[in-house]
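Let's take a friendly walk through a ligand site and a metal site. Have the model open beside you as you read.

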Amino acid sequence: MEQACDAPRRVCYIVSNELVKASSLLPSNKNRSLLVHALVKAYGLLDPSGCSKGTSLRVLRASPANPKELAAYHTQDYLQFIMNPTAESMTDDSDHVEFGLEEDCPPFDGLSDYVRLVAGGTLAAANALREDRADIAICWDGGRHHARKSEASGFCYVADCILAILTLKRMHRSPDSAVWRPRVMYLDLDLHFSDAVSEAFLDSSATSLGPQVLTLSIHHSAPGFFPSSPLGTLRDRSADRFDPFTLSLPLDRGATDATFARIWPSVERVKDAFRPEFVLVQCGVDGLAGDPHAVWNWSLNDGKGSLGWCVDRVCSQWGCKVLMLGGGGYNHPNAARAWTYLTSLALGRTLSPEADIPDHPAFPLYAPSFTLDVPAGNAPDRNEDAYLGEITEYFEIVARSIEE
Ligand code: V1P
Ligand code: ZN
């Protein structure tokens, strides 16, 4: 069962056998990529014939990013190391520790292909938007928001979000020779704070030409919860170095659709103040109910405030070009459900949450519901009304300072 959507849109979806193979080796998410793209295909979402009126779809292959593209952010030392991790370099010296290739980010067979293909996939999506070949571009294998210039961190080896923002913000000369400096909003919905992306653009707005990038991360924050960073808290607006273009919206345990519905007007208030041309949405799905983190209690498609509702607002109401990336999500069948459902929203072919999962080789993994919904559970929502009111006031003041 599908609902039609009339808004004309050109959607571009990034996938290739090489990308799926490489992503499926990621130690934190083994085989997730296979499951995700298999479910998207099983619903026929990539069949051009299934497009509703006014929507077109292009499936783009991800080709590996070249060294110059990676060096737009990463250091040569880091690239050289992760592109050639030999047994000796991993054991003989402490470089792998310096570059973060331990604990959360162990080296793995296929790492260099993985890095090149994920960056290549996200950049193909960003370039399709930048060159006005698409209105919405999707790369579910991207969204690696913890990787730094010269350090892998939190299951992230390549800073594809940052590379995409750098691409989207690049100056453009239009046919009439006017210079265009697009504004890019980065909205991160992952359970974890987007530390590396937020740090990369902190204070970058202080140029005479005005700010070009605004980052807003909605995430769980608590002592000891990864990643610990002062930037991930509700930051003191009166502090000397407060940057209204680097924003955090921390939520407590148990966040439900009702909490997201309550904070969403603040997100849109900031968006309206900043007036971005491009929005990059990091759609990490580890805040959904059923994720092994068991921190938030967010639904995929129960209605207002659900992840699907929020992403649909961005795609349908914001009037921006949208880059949708993946991120965290450790209940792999639920990640596949979520990104399939979000793909259907982007295509204006919203799948019914009650839709039966189509028969395909991974079908048994969708037991016991065999449907596309990810409903909330029973955990209590610890985000109190007073705190959410404080958030509303805080973001109203921030939005005014953005408008100044
Ligand atoms: O908590 C930590 C570090 C390890 N230090 C001692 C503290 N790391 C987390 C990393 C979570 C990364 C999330 C990535 C994303 O944002 C998407 C891009 O979702 C961590 C966790 C955890 N539950 O927070 N590492 C591990 N679990 C882990 C578990 C088993 C084996 C290796 C790492
Ligand atoms: Zn996460």
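A good place to begin is D104, where an N or O atom of the side chain sits 2.6 Å from a nitrogen atom of ligand 1. Please keep in mind that this is a predicted model. Two further contacts to ligand 1 join that of D104 in the table below.

| Residue | Atom of ligand 1 | Distance |
|---|---|---|
| D104 (side-chain N or O) | nitrogen | 2.6 Å |
| H293 (side-chain N or O) | nitrogen | 3.2 Å |
| Y330 (polar side-chain atom) | oxygen | 2.6 Å |

On its own, ligand 1 has 730 Å² of accessible area, and the protein covers 59% of that. Stepping back to the whole shell, 15 residues surround ligand 1, and the closest are D104, H145, H146, D286 and Y330. By character, the shell residues comprise 4 nonpolar, 6 polar and 5 charged.

D286 leads us on to the metal. Which protein residues act as donors to the zinc ion (ligand 2)? They are D190 through OD, H192 through ND1 and D286 through OD, at 1.9 to 2.1 Å from the ion. Along the sequence, these donors follow the spacing D-x1-H-x93-D. H192 belongs to the loop between β7 (184–188) and α9 (195–201), while D286 belongs to the loop between β10 (278–282) and α11 (307–317), so this pair ties together parts that lie 94 residues apart in sequence. H192 and D286 are both buried.

To bring the two sites together, D286 is among the closest residues to ligand 1 and is also a donor of the zinc ion.

Technical notes:
Residues numbered from 1 in each chain as written. Chains lettered and ligands numbered in written order. Predicted model: local features only at pLDDT ≥ 70, side-chain atom pairs only at ≥ 80, totals over all residues. Heavy atoms only, no water. Near = heavy atom within 4 Å. Polar contact = N/O pair within 3.5 Å; in protein donor to acceptor, adjacent residues only side chain to side chain. Areas by Shrake-Rupley, 256 points an atom, 1.4 Å probe, with all protein chains shown as cover. Nonpolar A, V, L, I, M, F, W, Y, C, P; charged D, E, K, R; others polar. Donors = N, O, S within 2.8 Å, 3.2 Å for Na, K, Ca; no water. Helix = DSSP H or I, 4+ residues; strand = E, 2+ residues; numbered from the N terminus. Buried < 20%, exposed > 50% of the residue type's maximum accessible area, 1.4 Å probe, protein only.
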